[in-house]
Amino acid sequence: MSADVELQNISVTFGSFYAAKNVSVKIKEGEFFSFLGPSGCGKTTLLRAISGFLDPSEGKVLIGGQDMAGIGPNKRPTSLIFQNLALFPLMSVADNIVFSLEVRGVSKNKRRKRADELLELIALSGQGDKKVHELSGGQRQRVAIARALSNTPSCLIMDEPTGDLDSFNAMAVTDVVLNLARDLNLSIILATHDASLSKELDNTFNL
């Protein structure tokens, strides 16, 4: 189930430096939305503010109409895919995907079933026993997407999802994300410097 995400006059400062200043935008339930701009313009800062990894200096983040002040990332209905993916190299692909379920005490059989469901969803069926280094860059990006979906978030947040990929893999990952947005009725928010990618989306906020 997706949810509206609203930023109300969000500013983030580090000392006297504004990483983001007076940003107001409403992202509709089920919308596919991008923050578009060059490196250093505040895209990642806004994603971290939405997902709870960074507290805004001013303004409010509302998700589903609820003020997120004081609510940490593990309690928000969001999942953030970091730009560096942050996959665990010594774990299998399946264990990477359902790591958060293991932390929550979900049984091994249920975790494996969920991993297999998500591997099928991202077109990597049968790849669960491989290690991360055995996959291509585009496949690793898809594994990161599957891991973010393991807890069934209302909003999937992605930081430069195609930034390190060649054009073929970038197109494949974009197709996966577009299909997820349609099939799972997710709100999807991403940061990108790629104007061609943002053209695929419902709406874009230029920074």
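Here are a few questions and answers about helix α6 and the cysteines in this predicted model.

User: How far does helix α6 reach from its first C-alpha to its last?
Analyst: Helix α6 covers residues 167-184, so let's use the usual rise of 1.5 Å a residue. For its 18 residues, that gives an expected 26 Å. The helix in the model comes close to that, with a reach of 25 Å.

User: Within what arc do the buried residues of α6 fall, seen down its axis?
Analyst: Start with who is buried: N169, A170, V173, T174, V176, V177, L180 and A181. Looking down the axis of α6, you find these buried residues lining one face of the helix, because they fall within an arc of 160 degrees.

User: Which residues are exposed on the other side of α6?
Analyst: Exposed here means over 50% relative accessible area. On the other side of α6, the residues that fit are S167, F168, M171, R182 and D183.

User: Which residue just after α6 takes a positive phi?
Analyst: Helix α6 runs over residues 167-184, so look just past its end. There, a phi of about 55 degrees turns up, and the residue that takes it is N185.

User: How many disulfides are there?
Analyst: A disulfide needs two cysteine sulfur atoms within 2.5 Å. The cysteine sulfur closest to that of C41 is in C155, and at 18 Å it is too far for a bond. Looking from C155, the closest one is in C41, again 18 Å away. So the count is zero.

User: Is C155 buried or exposed?
Analyst: The cut-off for buried is under 20% relative accessible area. C41, at 21%, is partly exposed. C155 has just 1% relative accessibility, so it counts as buried.

Conventions: Residues numbered from 1 in each chain as written. Predicted model: local features only at pLDDT ≥ 70, side-chain atom pairs only at ≥ 80, totals over all residues. Heavy atoms only, no water. Helix = DSSP H or I, 4+ residues; strand = E, 2+ residues; numbered from the N terminus. Buried < 20%, exposed > 50% of the residue type's maximum accessible area, 1.4 Å probe, protein only. Arc of directions from axis to C-beta.
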